[in-house]
Amino acid sequence: MAMTVAGPRVLLRDLREIMADAIGAQDRLNRIVDRIAENMGADVCSFYVLRDDGALELFATHGLKEAAVHMTSLRLGEGLVGLIAAEAETLNLNDAPHHPAFVYRPETGEDPFVSFLGVPVLRAGQTLGVLVVQNRDKRDYREDETEALLTVATLLAEMISTSEFDNLIQPGSDIDLRRPRTIEAVGFTDGIALGQIVLHDPRLVVTNFVAEDVEAELERLEQAVRTLRVSIDDMFSHRDLQMNSEHRDILESYRMFAYDRGWARRMREAVSAGLTAEAAVERVQNDTRARMLRQSDPYIRDRLHDLDDLANRLLRVLTGDPKVFGGRDLPEEAVLVARNLGPAELLEYDRSRLRGVVLEEGGTTAHVAIVARSLGLVAVGQADNIVSVSEAGDDIIVDAAAGMVHLRPPPDVEAIYVDKLALSAKRQAQYAALRDQPSVTRDGVEVTLLHNSGLIADLPTIEETGAAGVGLFRTELQFMIAERLPRLDEQTNLYAEAMALVGDRPIVFRLLDIGGDKVVPFMRSAVEENPAMGWRSLRLALDRPGLFRTQVRALLQAASGRRLDILVPMITEASEFRQARSVINKELERLERTGGTPPEKLSVGAMIEVPSLLYELDRVLPIADFISIGSNDLVQFLSAADRSNPRVARKYDPIGLPRLRALRHVATEAAAHQVPLTMCGELAGRPIEALALMAIGITRLSMAAASIGPIRELVRAVELHPIQKQIVEALDAREGTETMRDLLMACAAHQDLPL
Ligand code: PEP
Ligand code: MG
C-alpha cells in the first residue's frame, strides 16, 4: 500500500515545486505534463481545456506531437476526451480504440496508444478541461493512479483559473470563470439593483493543496469530521421541538451524509494521495457538484446540494471559521447571493447596505420573497447555478422587472443600467419632493394613500413616503420569521412598537393570515391538495381559537388608550365575521374586567377576499366598522387562477370586465352603507389599476411603500370625473370589444398622465 501511494505523493511534491518556479504559464504546463507522464510511467500525458465554443483545445502534451498544441481540438461529447468533459466522469480503458466514442486524430499521432486514463478537470462543479494519460501497451491503470490524476486535476483547475493563464486562453474561451454572464431568473420584486456580490455561504478558497505531512493531515480531517458530526447532533437535540418538518428533513440528510462512510473514505483517500485536508474536501466536493449539475431529478439535486453545503461547513471547521453567516461587514452596495435563504437570515444583514437578493431557488410566494419585498429590496429567484459562478466582490446587476441577472457585466451593459438607475433616482427625488403635497386629483377628489407593511423593520419608511398610515399590517410576517411562537408579552411589545413607529397615523392590524402557503415554522401543517383553499387564516383561527385570542389580547394591551384597528381576513360568510367579532368583544370585556385600559376607539373591519361574501355584503356591512378588499385573493378565486402559478396568474386581467364589475359592486354597497372601504391588494400600487379603482369610486389605496410616490404623482395629475364617466359607461355596456385596460390607457394618454 505504501508503495502505491508514494508515487502520487512524490508527484504532488514535485508539482508544488513546478508551481513555485518563476517560469511562464506554457512552460509550467509543459513541465507538469512531463512530470505526470514520468511519475506514472505513461507514454503520453495531455491536458485539454474547454473553450467557450464547446471545443476542447489541446493545451499541453507529453508524448503527442508538439505541433498539435493549441492546434487540435475536439468538440464536447466527441471522442474519449469529449465524452469525459461532457459527462464529467473518469474513463479508464485498456483497449481505447475499440471504445465506441474513440475518434482518430492523425495530427496528434495518437493511433498506437491502447491504454487510456482520462479525468475531468473541475472547478465549482464545472468542467474546465480534461487530463489524460495514455500508454502504447495494454495496461490496467490502478485505482490509486486514477486518484492521483484526479488530485492533480484539482490542482490544475485552480491553476488555470489564475490570471497567469489569461494570455494562453484564446478569445472567447470558456475557462475564464469570471467572464460576464447573463442568467435568467424570476422577479420577486420590481426594480434594479447594482452592487457587489456577497455570498451568503462563502466558498472558502483553498490555497494550500499539497500536504507536508500526510499523517497529520489525516488526523486534521478526522478531527474536523468529528466536530461536524457533533455540531449536527447538537442541532438535533437542541432544536428538536421547534423544528418544522422541512428543517428536520434537511438536518436528517445532513446527518446521513455526515455519517456516510463513502464520503469520509473518499476524502481520506484524497489526503492519502498527498492533498491537504482542505484540498481533499474540495476535491470530493467538486465531484459532488459535477454530479449535481447533471441531475434533473429535483430530489436528488437537493440532496446533493445538502452534501455540498455540508462540505462547505467542513471546510469552515478546517479553517477555524465555523460560521460566517449574516452580520458581516457588507460593501456599500451589497447584493446577497445564496442558494436559498430563510427570512430570518435575510434580516440579519445590514439593511442600509443591502440592495438586492439573488437566490438559486425560491418562488415568488416564498417567505423570503415576501420579506424582501417588505424591506424594499430588489429580489429574484430561480437563478440557475448562480452560487457556483459567483465570486464575492464581483459586480452584479439585478434586473427584477426583466427577470435577469448580469454577472460581471461588461461596461456597455453596466452603462445602460447606470442610466436606468439614474433615471429612477431622479424620479425618486421627484416623488420625495411631492411627499408633503396632498394627494388630490385636479378636479378635487381626495385619495388616501396608505402603506402595506408587515415587519417592524419596514415601518420607518412611512416618514419618507408621507403615507397617511398603514392600511394593512400583515401580522403573520413576524410569525413567519420567528423560530417559535411569539408569547403574549412579545406580541404586545411588537404591536406597541409598531404603533409607536407610525405615531399619530392609523395602522390596521390584520389578524393572523396563516396556513395555505404562509407557513409558520413552529406549526406543523398537514399537506393539503389546494392549500390556498384549505384550512387557513380565519378558518384555522375559529377552529383553534387559542392563537387568535392571544393575538387579540396582545393587540388590546398594546393599544391601551389609543385607537385600534383590527382587520379580519378570509371571511367566507357573514357568520364567520360575527364569530370573530364576538371573540374580540370577549377579550375586550376581559381586559376591562381585569382593570386594563381599553383602546380609545376599537374598529373591526372585514376583508373582502372570498367571492361568496360579495353576495352577503348587505349582512356584513352593517356589522363592519370598515372593509378592505384583498384583491390578490379575491381575483384568484373569482377567476379560479392560482395567484402563485406563473402560468395562469397573469392570464386574466384583474381589471378585466368581470373582476372590475365585482369590485365596483363592493364599492357601491360600501358607499350605500357608508362604510369606509380600502383596497389593500397589489392592484392599488399599480398606476393603471389604481386609475381603474379610483374610477369606480375606491379612494383609499394601500400599497407597498415604493408605490406611494408614483401613485401620488398620478393622483395629482389626473382629472378623474371624465374617466369615471367613461368607465362606468363601459362597465354597464351590454357589448363592446375594447378592454377596460385599453380604455384606461387611452384616457391616460389623452390626459398625458405619468404611468
Ligand atoms: C390580498 O389577498 O389581496 C391581501 C392583501 O392579502 P395577502 O396578499 O396577504 O393574501
Ligand atoms: Mg389575502
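In this predicted model, Ser537 is buried, with a relative accessible area of 1%. This serine belongs to helix H17, which spans residues 537-543. The backbone of Ser537 has a phi near 50°, a positive value in a residue other than glycine. A positive phi also occurs at Gln382, where the angle is about 55° although the residue is not a glycine. Gln382 is placed in the loop that joins strand S12 (378-381) to helix H12 (386-389). Its relative accessibility is 40%, so Gln382 counts as partly exposed, whereas Ser537 is buried.

The confidence of the prediction was examined next. The average pLDDT of the chain is 86, and 87% of the residues score at least 70. Residues 1-5 have a pLDDT below 50, and this stretch makes three contacts in the model beyond near neighbours in sequence. A further stretch, residues 239-246, stays under 50 as well. For residues 239-246 the model contains 14 contacts beyond four places in sequence. Where pLDDT is low, the predicted coordinates should not be read in detail.

The model includes a magnesium ion, ligand 2, which is coordinated by Glu609 through OE and by Asp633 through OD, at 2.1 to 2.2 Å. These two residues link distant parts of the chain, being 24 residues apart. Glu609 lies in the loop between strand S19 (601-608) and helix H20 (617-620), while Asp633 is part of helix H21 (residues 631-639). Both Glu609 and Asp633 are buried.

Asp633 also takes part in the surroundings of ligand 1, since a polar backbone atom of this residue is 3.1 Å from an oxygen atom of that ligand. The protein covers 99% of the 290 Å² of accessible area that ligand 1 has on its own. Strand S16 (470-474) and H21 are the elements that give two or more residues to the shell around ligand 1. The largest share, three residues, comes from H21. In total, 14 residues surround ligand 1, and the closest are Arg474, Arg510, Lys518, Asn632 and Arg643. For Asn632, a backbone N or O atom lies 2.7 Å from an oxygen atom of the ligand. For Arg510, a polar side-chain atom lies 2.8 Å from an oxygen atom of ligand 1.

Beyond H21, the chain continues into a loop that leads to helix H22 (646-649), and Asp642 is found in this loop. Asp642 has a relative accessibility of 36% and therefore counts as partly exposed. Not counting residues up to four places away in sequence, Asp642 touches Gln636, Val648 and Ala649. Asp642 and Asn530 are 112 residues apart in sequence, yet their C-alpha atoms are 9.8 Å apart in space.

Helix H25 (residues 705-717) was considered last. Its buried residues are Ser707, Ile708, Gly709, Ile711, Arg712, Glu713, Leu714 and Val715. These buried residues pack against both helices and strands. The helices are H13 (411-434), H14 (461-465) and H24 (687-695). The strands are S15 (448-453) and S22 (700-703).

Conventions:
Residues numbered from 1 in each chain as written. Chains lettered and ligands numbered in written order. Predicted model: local features only at pLDDT ≥ 70, side-chain atom pairs only at ≥ 80, totals over all residues. Heavy atoms only, no water. pLDDT = per-residue confidence, 0-100. Contact = heavy atoms within 4.5 Å. Donors = N, O, S within 2.8 Å, 3.2 Å for Na, K, Ca; no water. Helix = DSSP H or I, 4+ residues; strand = E, 2+ residues; numbered from the N terminus. Buried < 20%, exposed > 50% of the residue type's maximum accessible area, 1.4 Å probe, protein only. Near = heavy atom within 4 Å. Polar contact = N/O pair within 3.5 Å; in protein donor to acceptor, adjacent residues only side chain to side chain. Areas by Shrake-Rupley, 256 points an atom, 1.4 Å probe, with all protein chains shown as cover.
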